[in-house]
Amino acid sequence: MGVRKVKENIYSVGVSDWDRTHFDEIVALPNGTSYNSYLIFGEKKTALIDTVDPVLTEAFINNLKKFNGLKIDFVVSLHAEQDHSGSIPKVLEIFSEAKVVTNEKCKELLIEHLNIPEEKFIVVGDGEELDLGGKTLKFLLTPWVHWPETMSAYLKEDKILFSCDFFGSHYATSRLFANIDELILESAKLYYAEIMMPFRNFIKVNIEKIENFDIEMIAPSHGPIWNKPSFIIDAYKEWISPSVKNKVLILYVSMHGSTKIVVNELYNRLVEYGIEVLPFNLFFTDIGKIAINAIDAATAVFAIPTFLTGPHPLGANAAYLVNAIKPKLRFMGLITSFGWGGVTIKWLKDHLKNLKADTLFEFEFKGIPKANDIEKVKEFAEKIYEAHKSIGIL
Ligand code: FEO
């Protein structure tokens, strides 16, 4: 993405990865992503904030080479995950005088993950400062957004918060600053849903912590810089709030059409009750779409047929993901069809234990749904309607 000036003596030197199709080899990246890095020139010292994913080290080093006679004194590592730390060894090889500035936990992880020698580190604690000469970095430990060692750095004189993954977005854009539109919101939401949502309580505490500072810009390590930081801070506050919307997700697989008949009936009934319904056919739905919509849905229905003696693998995959990202669902329903046997409902119950959702119904049916099966589905729709009314969202 080239080198760009953020403010006087502060440059963006990271790289865009618009060809990357998936993150963590699971969530589709419709807009690619970026690994941001920032170079800060003080009057006395120069600091590099984070590096980039090792697959793009060469492009990153080429960016650094654009600064004639560059000397890096400090490589500030805000997070040990390799999409930000993976090029540190190469940077240390080229800029051999540089020290890695990070917290104790991150130091441990960087030694374990990247074999960086212990003597290369300067360890900083919460609230400690690094004086570059006219530019001062203040380190703020912000654990669990989304690893135990994650931290932010606040550049006092320029009022910039370098937040690493926190407030990031999967968005490879040539814009340095975020254009506030649907695309950036969707990209940030996808990032939050997959990476941050399981850590909602920590996010709340960390937002309170950073709000003690006068922030003009948030410069994350993925996606564009937020020069209207209240936009993303307010979005995070809404996403982590306990409130849910009048919305039902139906996650389903249908091998012979029987589950689809039940899903259609449930869908139609719920729509008639004035409920927003999002059916996701797991055969082709990108898991990221489910994650985004799970941020604020009140209810999820898992309609997963039995495959041999357990859930259909695509259903198991989706259930595992939803359980892992821990959305604030209030209610759920479990449906399975089967041919000759199986324990799919039990499997689902055992693998959705992270969800604090009340189970409104469990339903097993065999083959093509009969008239009494359809009657039951109507009852389930009514139960969801009553449940949504009971929490005041309908
Ligand atoms: Fe962008 Fe947790 O790494």
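This section describes the domains, sheets and helix packing of a predicted model.

The domain assignment divides the protein chain into domain 1, spanning 4-240, and domain 2, spanning 248-389. A distance of 38 Å separates the C-alpha centres of domain 1 and domain 2. To the contact between them, domain 1 contributes 15 residues and domain 2 contributes 12 residues.

Strand pairing is considered next, beginning with the strands of lower number. Strand β9 (residues 74-76) and strand β10 (residues 99-102) run parallel and are joined by 3 bridges. Within this pair, Lys 99 of β10 is the residue opposite Phe 74. Strand β10 also pairs with strand β11 (residues 121-123), again in the parallel sense and over 3 bridges. Here Phe 121 in β11 is found opposite Val 100.

An open sheet of 5 strands follows the order β12-β13-β14-β15-β16, and its pairing is mixed. Its edges are formed by β12 (129-131) and β16 (217-220), each of which pairs on one side only. On average, and with direction ignored, neighbouring strands of this sheet are turned by 20° against each other. At one end of the order, β16 pairs with strand β15 (residues 160-164) in the parallel sense, over 4 bridges. Ala 219 in β16 serves as the bridge partner of Phe 162.

A further open sheet, also of 5 strands, has parallel pairing and the order β18-β17-β19-β22-β23. The edge positions are held by β18 (276-281) and β23 (358-366), each pairing on one side only. From one strand to the next, the twist averages 15°. Within the sheet, strand β17 (residues 245-252) and strand β19 (residues 297-303) are paired in the parallel sense over 6 bridges. In this pairing Tyr 252 has Ala 303 of β19 opposite. Helix α8 packs on the sheet and touches β17, β18, β19, β22 (331-338) and β23. The direction of α8 makes about 170° with that of β17.

Three helix pairs were then examined. Two packed helices are described by the angle between their axes and the distance between the axes. Helix α5 (residues 182-196) packs against helix α7 (residues 229-240) at an angle of about 45°, and their axes are 11 Å apart. The two helices, α5 and α7, are therefore oblique to each other, and their crossing is right-handed. On the α5 side, the contact is made by Leu 185, Ala 188, Lys 189, Tyr 192 and Met 196. On the α7 side, Phe 231, Ile 232, Tyr 236, Trp 239 and Ile 240 take part. Classified by residue type, the contact of α5 with α7 comprises 9 nonpolar residues, 1 charged residue and no polar residues.

Helix α8 (residues 258-272), which packs on the sheet containing β17, also meets helix α12 (residues 371-390); the axes of α8 and α12 come within 9 Å and cross at roughly 40°. This angle makes α8 oblique to α12. The crossing of α8 and α12 is right-handed. Helix α8 contributes Ile 261, Val 262, Glu 265, Leu 266, Arg 269 and Leu 270 to the contact, while α12 contributes Ile 374, Val 377, Lys 378, Phe 380, Ala 381 and Ile 384. The contact of α8 with α12 has 9 nonpolar and 3 charged residues, and no polar ones.

The remaining pair consists of helix α9 (residues 287-294) and helix α10 (residues 313-325), whose axes come within 11 Å and cross at roughly 40°. Helices α9 and α10 are therefore oblique to each other, and the sense of their crossing is right-handed. Ile 287, Ile 290 and Ala 291 of α9 make the contact with Asn 317, Ala 318, Leu 321, Val 322 and Ile 325 of α10. By class, 7 nonpolar residues and 1 polar residue form the contact of α9 with α10, with no charged residues.

Note on methods:
Residues are numbered from 1 along each chain as its sequence is written. This is a predicted model: local features need pLDDT of at least 70, side-chain atom pairs count only at pLDDT 80 or more; totals for chains, interfaces and linings use all residues. Side-chain values use heavy atoms; hydrogens and water are left out. Axes are lines fitted to C-alpha atoms, for helices over the stretch in contact, and angles run from 0 to 180 degrees between N-to-C directions. Angles under 35 degrees count as roughly parallel, over 145 as roughly antiparallel, 65 to 115 as roughly perpendicular and the rest as oblique. A crossing is left-handed if the near helix is turned anticlockwise from the far one by less than a right angle, and right-handed if clockwise. Contact means heavy atoms within 4.5 Å. Ala, Val, Leu, Ile, Met, Phe, Trp, Tyr, Cys and Pro count as nonpolar, Asp, Glu, Lys and Arg as charged, and the others, Gly among them, as polar. Two strands pair if DSSP finds at least two bridges between them. Domain bounds come from an automatic or database domain assignment.
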